[in-house]
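Take the model below and follow its nonpolar side chains, beginning at the surface and then moving to the interior.

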Amino acid sequence: MTAGAVAGVLEHTVMYPVDSVKTRMQSLQPDPKAQYRGVYEALKRIIQTEGLFRPLRGLNITMMGAGPAHALYFACYERVKRSLSEVIQNGGNSHLANGLAGSVATVLHDAIMNPAEVVKQRMQMYNSPYKGLWDCVRTVTRAEGVGAFYRSYSTQLTMNIPFQAVHFITYELMQEQLNPHRLYHPGSHIMSGAAAGAVSAAITTPLDVCKTLLNTQENVALSSVHISGHLSGMANAFRTVYRLGGPAAFFKGVQARIIYQMPSTAIAWSVYEFFKYFLTKQQLEQEARARPL
């Protein structure tokens with residue numbers, strides 16, 4: 001859990017500015033001043049026009065959620081993977097066990113991260129009306145109720161369960177090739193993590209666009225298709241995205257999403273594997289000393 005918490009905070013922190021760009025690029029009806037051609041150009045313009053720290057807005061709530069969410073996520077993954085591998089493969093590596101363990105871990109992770117995601121994405125948007133974290137929480141609670149923080153939970157799960165299943169299967173598959181003895185090997189963890197992040201991010205981008213719309217409740221976009229009140233439900237989000245931009249709209253921000261996910265998952269896995277190795281090293285040394293020659 002400690003290894004997972006540290007990995008989660010670092011994963012979300014290091015690449016956070018790119019995540020801010022991704023949220024804006026997924027806007028279905030962006031302000032003319034917030035239309036970007038690429039990730040680098042977007043970051044440059046945001047810093048020039050809105051200030052150096054603008055891409056970091058919402059980072060505080062992300063860090064508050066990421067620690068406990070990832071602690072549960074990795075602990076649950078390891079436990080469920082071990083239990084299922086015993087049943088399915090007699091303790092050997094099983095891709096089915098890896099995928100199922102990742103899916104179960106996602107349910108716990110998203111229960112904690114979903115409210116943080118709502119606040120984060122609303123603060124990342126161009127011309128965000130909120131003064132800060134607690135102002136955003138108070139305003140959303142008053143105007144839309146507590147349920148607003150879980151409005152995208154079903155979409156988040158629908159996106160993250162396949163995302164994490166593909167993510168863990170790809171990671172474990174890469175580890176089989178690059179690190180078959182499953183020793184601590186930083187290079188293999190970085191390569192496997194980056195590949196897992198890229199593949200799973202590309203596949204699930206359409207669901208991420210829908211999640212962003214549900215989280216931000218983009219007023220200009222919703223009013224342009226005559227939706228009054230609040231948009232809820234994955235099916236409604238899919239229909240709205242299609243009406244606003246056709247099939248291409250489902251892949252808005254795909255480049256930023258892959259650029260964000262590749263290093264993020266590489267960082268998460270390398271940090272997680274390092275701390276897992278570091279925290280269990282003493283126990284392994286004691287076991288080695290106790291073993292008869």
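In this predicted model, a nonpolar patch lies on the surface, formed by Tyr 184, Phe 274, Tyr 277, Phe 278 and Leu 279, which together have about 460 Å² of accessible area. One of these residues, Phe 274, has its place in helix α12. With a relative accessible area of 33%, Phe 274 counts as partly exposed, because that value falls between the 20% limit for buried residues and the 50% limit for exposed ones.

In soluble globular proteins, nonpolar side chains tend to be buried together. Turning to the interior, the largest nonpolar core holds 16 residues, and those with the most contacts inside it are Phe 74, Tyr 77, Trp 269 and Tyr 272. Two or more residues of this core are given by each of the elements α1 (2-14), α4 (59-89), α5 (95-124), α7 (153-178) and α12 (254-290), and the largest share, 5 residues, comes from α4.

What does Tyr 77 touch, once residues up to four places away in sequence are not counted? Its contacts are Asn 98, Ala 101, Gly 102, Ala 105, Phe 168, Glu 172 and Trp 269. A second core, separate from the one described above, has 14 residues, among them Leu 28, Val 209, Ala 249 and Phe 250.

The cysteines deserve a separate look. A search of the whole structure finds 0 disulfides. Cys 76 is buried because its relative accessible area of 13% is under the 20% limit, and Cys 136, at 0% relative accessibility, counts as buried too.

How values were computed. Residues are numbered from 1 along each chain as its sequence is written. This is a predicted model: local features need pLDDT of at least 70, side-chain atom pairs count only at pLDDT 80 or more; totals for chains, interfaces and linings use all residues. Side-chain values use heavy atoms; hydrogens and water are left out. A nonpolar core is a set of buried Ala, Val, Leu, Ile, Met, Phe, Trp, Tyr and Cys residues joined through side-chain atoms within 4.5 Å. Buried means under 20% relative accessible area, exposed over 50%, partly exposed in between (1.4 Å probe, protein chains only). Helices (H or I, at least four residues) and strands (E, at least two) are DSSP runs, numbered from the N terminus. Contact means heavy atoms within 4.5 Å. A disulfide is a pair of cysteine sulfur atoms within 2.5 Å. Patches are made of residues with over 30% relative accessible area and no salt bridge: like charges are joined within 9 Å, nonpolar side chains (Val, Leu, Ile, Met, Phe, Trp, Tyr) within 5 Å. Accessible areas come from the Shrake-Rupley method with a 1.4 Å probe; for residues, only the protein chains shown count as cover. A salt bridge is a side-chain nitrogen of Lys or Arg within 4 Å of a carboxyl oxygen of Asp or Glu.
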